[in-house]
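Student: Could you show me how to read the sheets and the ligand site of a protein model?
Tutor: Happily, let us take the strands before the ligand.

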Amino acid sequence: MSSQVTYQSTRGGSSNFSFEDAVLKGLANDGGLFIPSEIPKLPEGWKEKWSSLSFPELAYEIMSLYIPRSEISAEELKDLAARSYATFRHPETTPLKKLNNGINVLELFHGPTFAFKDVALQFLGNLFEFFLTRKNGDKPEEERDHLTVVGATSGDTGSAAIYGLRGKKDVSVFILFPEGRVSPVQEAQMTTVTDPNVHCVTVAGVFDDCQDLVKQVFGDAEFNRKHHVGAVNSINWARILAQITYYFYAYLSLYKQNKDVKVRFVVPTGNFGDILAGYYAKEMGLPTEKLVIATNENDILDRFFHTGRYEKADTSKGPVTGPVCAKETYSPAMDILVSSNFERYLWYLARQQVAPNHTDSEACEILAKWMNEFKTNGSVAVRPEVLDAARKDFVSERVDNETTIATIKKVYETDKYVLDPHTAVGVEATTRRMKEAGAEGTTFVSLSTAHPAKFDAAVNLALSSFEGYNFETQVMPREFHGLKDAERRVIFSGAPRIEVIKQIVEINLEREKKMTV
Ligand SMILES: *Cc1c(COP(=O)(O)O)cnc(C)c1O
């Protein structure tokens, strides 16, 4: 049976989009995020049918439920999934590692850049190329539709996007990052990719300057039309979709060992993209208990689940004056002020609030009102019954910096296994939940979002006092050797100026064109 799903904006301005439109547009015109018109249910007998599948085969089955055959044929989708995960180093793509305390660590970092974002961005890169080459056919170079991806990064997104898009036909990628402010490994990963369609641009400033420049590029309608600017940030629907697979894959590998297994997932969370995929899996029918959100000291989500107020600054101890910024922690990929994907979940909460006799458009109205209030006041509160509903889907834990380092130490002591600081936030949250009453029969799966070698400063801070500990030999993967000395390509743009960035994009697009003819 082929999927009938279409895509609509959370804010109600647009509906009936194809999967292709939702992916290529990224964000809806009314500022909302794309969601599927319905959450598909699982086919009869899925556990038996799917438990023998490889990761790419399972990805194909799940994606098929969200992508109509008329848009991408079965053969084409199978091929896209196979190619997207052929770049992973582990035969199981996302294997489970069991710790001595019983926690199952779901290792999501076996892709090209050693971060979980590869699971989504390897697929998204192939999908962009697929849609563009299909549109373009054998048109001559000057008539081809060309996508120019522009993004800002503080580390992980940039490298995963570059590895997802390198060498792809009809796509160019420009990644802006703050000079000297991304980790040395991440900088080396990005700048040593020398494919002609990849451009790393440093900005003499901070991450927010880079993000502002990207927003200005997107806000320039004429530039946008001329160069067809695209985004790869975590609000793209295809990224969420790709991430649903590993929740099923992990569940099924535990189910194969024990048919009665009760599973609970714990997810280190920033922009809410990773855990949102878990929510979709659960709504599709994956048997799992409430999902556990693990945040660092940037805890907007943790505060929401305790107070029902979604607000940038913590006002629980009185009013806050002056600018509010994200805190710098040992888990920088989770240093966010606002979780952009949370809007999608808020839509489902709004829908529940008006169900069962009302329509999607009423949910959109409520959601749009919430988002406007949040934009104006930096804060929005939901009614107690809405918070109760949210607490049926999620619980949350906040883990501070000191505890993050202590957790890396503890797991090294018990298992000689090295956690990256993001994963450590999740493992600590897991440990707390395991101690709760009623948790005895539950199998905990704690998502590991990065390889520890990417965050050497925090890992060494935790482990350098252990006798015999050696980062180079115990933590650093073979692939990182020599990376620091490899040839680099990087464009220095100087102080943040939009005119300079636009010029850099135009000059390099011209140069690329000359290289391809
Ligand atoms: C992006 C990222 C996260 C946060 O994921 P979200 O989808 O933004 O919640 C956590 N850990 C690492 C290592 C990441 O790169």
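Student: In which sense do strands β6 and β7 pair, and over how many bridges?
Tutor: Strands of a sheet pair through backbone hydrogen bonds, and the sense is either parallel or antiparallel. In this predicted model, β6 (residues 171-178) and β7 (residues 198-203) form a parallel pair with 6 bridges. For one residue pair to look at, take F177, whose bridge partner in β7 is T202.

Student: Which helices should I look for on these strands?
Tutor: Look at helix α7 (residues 184-191), which lies across β6 and β7. The direction of α7 is at about 155 degrees to β6. Helix α8 (residues 207-219) also packs on the sheet, where β5 (147-152), β6, β7 and β8 are touched by it. The angle between α8 and β5 is about 150 degrees.

Student: What is the strand order of the sheet that holds β6 and β7?
Tutor: Reading across, you get β8-β5-β6-β7-β15, an open sheet of 5 strands with parallel pairing. An edge strand pairs on one side only, and here the edges are β8 (229-230) and β15 (491-492).

Student: How is the sheet of 6 strands ordered?
Tutor: That open sheet runs β3-β4-β14-β9-β10-β13, and its pairing is mixed. The edge strands are β3 (96-98) and β13 (394-398). From one strand to the next, the twist averages 25 degrees. For a closer look, β10 (residues 291-295) pairs with β13 in the parallel sense over 5 bridges, and V292 stands opposite V395 in β13.

Student: Which strands does helix α17 lie across?
Tutor: Helix α17 (residues 421-434) lies across β4 (104-107), β9 (262-268), β10, β13 and β14 (442-448). Compare directions with β14, to which α17 runs at about 165 degrees.

Student: Now the ligand: how many residues surround it, and which are the closest?
Tutor: There are 14 residues around the ligand, and the closest are K117, D156, G270, N271 and T449. Sorted by class, this shell has 5 nonpolar, 6 polar and 3 charged residues.

Student: What polar contacts should I check?
Tutor: Ask whether the protein atom belongs to a side chain or to the backbone. For D156, a polar side-chain atom is 2.6 Å from an oxygen atom of the ligand. With G273, a backbone N or O atom lies 3.1 Å from a ligand oxygen, and for D274 the distance from a backbone N or O atom to a ligand oxygen is 2.9 Å.

Student: How much of the ligand's accessible area does the protein cover?
Tutor: On its own the ligand has 390 Å² of accessible area, and the protein covers 97% of that.

Notes
Residues numbered from 1 in each chain as written. Predicted model: local features only at pLDDT ≥ 70, side-chain atom pairs only at ≥ 80, totals over all residues. Heavy atoms only, no water. Near = heavy atom within 4 Å. Polar contact = N/O pair within 3.5 Å; in protein donor to acceptor, adjacent residues only side chain to side chain. Areas by Shrake-Rupley, 256 points an atom, 1.4 Å probe, with all protein chains shown as cover. Nonpolar A, V, L, I, M, F, W, Y, C, P; charged D, E, K, R; others polar. Pairing = 2+ DSSP bridges. Helix = DSSP H or I, 4+ residues; strand = E, 2+ residues; numbered from the N terminus. Axes fitted to C-alpha atoms, helices over the stretch in contact; angles between N-to-C directions. Contact = heavy atoms within 4.5 Å.
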